[in-house]
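User: I am new to reading protein models and would like to go through one slowly, with the reasoning behind each answer. Could we work from the structure itself?

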Amino acid sequence: MTLKEIEIFLTLTKTQNVTKTAQILNLSQSAVSLAIKSLENKLNTKLFNRIGKKLILNENGKLFKEKIEKAYFEIINAENLFKTKNLSGELIFSASKTINNFLLPPIYLKFIRKYPNIKLNKNSKNSKQIIEELLQGKIDFGFIETEFDHPDIIKEELKKDNLIVVSSDKNLTKKEYFIDELLNKLWILREKGSGTRDMFLAGIEDIKIDKFIESDDVCEIKNLLLSPNTITCISELAVKNEIKNKTLYKIDVKNINFQRKFYLIYHKNKEITPIFSTFIEFIRKNIKNS
């Protein structure tokens, strides 16, 4: 008997219907019927009773299922284990700077330890650049932090994130502010195309910031913030350690919600390869605890 015959048999015991079994396994009804007939011939016994439109296990069928089911799934699990461990290849992708620098590194390391034959060819770009790379076919998938819709791109929410206003000026922690009360400070904004910048500017709506400098480097931004007159809006992930160590302080801002989402994106026509599905499932599982 073959593993396929056993798979069909076990599926049929649940559906009790040839048509439903064929649909689930993406087979023809005749293929299902032939597999069951072949299995019964090899065992030299009938396994089902037909009652109306249902196929119900008879006593021999129940006994066979009891003996074979656990062994079948152990074989399948062992097969999948070796397939997974021997995965090899290269994944080419880009991640936004916040995601790449502060969210995914520990997950990358765990993945590489588990799958040493899979190479992660990754770049750090802003969200707009990643979307463009994906549409041009330069990368397999990307991780971004901005809201967008495109008919050719599939996006999947991975995690929520909060943007916060921070400064090294501890005096600003004494009360809540409306955003326009902070316009006398020197604002540090991310470069154009950054998801962080886009969300911040959308959040403050029509309020115009005249005095600001731009930077595409989060480390540079944190260094600039050491001057008490500077201020920025940044991912809470990016300054978690600085806030804990009290080198930077979160400033409470009234009436603005800076919650956003991190997304996985890939082209709708992308082939879902084993290494892609393995990596993405690993990300989904581990990102919940990050």
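Analyst: The questions below deal with a predicted model, and they turn to its strands, a helix, its empty spaces, its cysteines and two loop residues.

User: Which residues of strand β5 lie on the side opposite to G142 and I144?

Analyst: Strand β5 covers residues 141–144, and both of its faces are covered. G142 and I144 are buried on one side, while the residues buried on the other side are F141 and F143.

User: Which residue in β5 is the bridge partner of F93, and in what sense do the two strands pair?

Analyst: Strand β3, which runs over residues 89–96, joins β5 through three bridges, and the sense of this pairing is parallel. Within β5, the partner of F93 is F141.

User: Which residue in β11 stands opposite G142?

Analyst: Strand β11, made of residues 259–267, pairs with β5 over three bridges, here in the antiparallel sense. The residue of β11 that stands opposite G142 is I265.

User: How far does helix α11 reach from its first C-alpha to its last?

Analyst: Helix α11 spans residues 274–287, which makes 14 residues, and at 1.5 Å a residue the expected reach is 20 Å. Among its buried residues are I275, F276, F279, I280, F282, I283 and I287. The reach in the model is close to the expected one, at 20 Å.

User: How much space lies in the largest pocket, and which element gives the largest share of its lining?

Analyst: About 210 Å³ of space lies in the largest pocket, which is lined by 10 residues, with F102, L103, L237, K240 and N241 nearest its centre. Two elements, α5 (97–103) and α10 (240–244), each give two or more residues to this lining. By class the lining has five nonpolar, two polar and three charged residues. The largest share, three residues, comes from α10.

User: How many cavities of 30 Å³ or more does the structure hold, and which element gives the most to the lining of the largest cavity?

Analyst: A probe the size of a water molecule, rolled over the atoms, shows where empty space is left. The structure holds two cavities of 30 Å³ or more, and the largest cavity has about 50 Å³ of space. Its lining includes T98, R190, V218 and I221, and both α9 (218–224) and β9 (230–235) supply at least two of the lining residues. The element that gives the most, with four residues, is β9.

User: What is the volume of the second largest cavity?

Analyst: The second largest cavity is lined by I188, L189, R190, T196, R197, F200, T232 and C233, and the elements that give two or more of these residues are β7 (186–190), α8 (195–204) and β9. By class, this lining has four nonpolar, two polar and two charged residues. The volume of the second largest cavity is about 40 Å³.

User: Why is C233 not bonded to C219?

Analyst: A disulfide is a covalent bond between the sulfur atoms of two cysteines. To count as a disulfide here, the two sulfur atoms must lie within 2.5 Å, and the count comes to zero disulfides. C233 is not bonded to C219 because the sulfur of C219, the closest cysteine sulfur, is too far for a bond, at 18 Å.

User: Is C233 buried or exposed?

Analyst: A residue counts as buried when its relative accessible area is under 20%. C233 has 6% relative accessibility, and so C233 counts as buried.

User: Where is Q16 placed, and what is its class of exposure?

Analyst: The phi of Q16 is near 60°, which is a positive value in a residue other than glycine. Q16 has its place in the loop between α1 (3–15) and α2 (18–25). Its relative accessibility is 23%, and therefore Q16 counts as partly exposed.

User: Where is K246 found, and is K246 buried or exposed?

Analyst: K246 is not a glycine, although it has a positive phi of about 65°. K246 is found in the loop between α10 and β10 (249–251). With a relative accessibility of 59%, K246 counts as exposed.

Definitions and conventions. Residues are numbered from 1 along each chain as its sequence is written. This is a predicted model: local features need pLDDT of at least 70, side-chain atom pairs count only at pLDDT 80 or more; totals for chains, interfaces and linings use all residues. Side-chain values use heavy atoms; hydrogens and water are left out. On a 1 Å grid over the protein atoms alone, a cavity is a set of points where a 1.4 Å probe fits but cannot get out, and a pocket is an open set with protein on both sides within 12 Å along at least five of seven lines; lining residues have an atom within 4 Å of a point. Grid points are joined across faces, edges and corners, and a volume is the space filled by probe spheres set on the points. Ala, Val, Leu, Ile, Met, Phe, Trp, Tyr, Cys and Pro count as nonpolar, Asp, Glu, Lys and Arg as charged, and the others, Gly among them, as polar. Buried means under 20% relative accessible area, exposed over 50%, partly exposed in between (1.4 Å probe, protein chains only). Two strands pair if DSSP finds at least two bridges between them. The expected span of a helix is 1.5 Å times one less than its number of residues.
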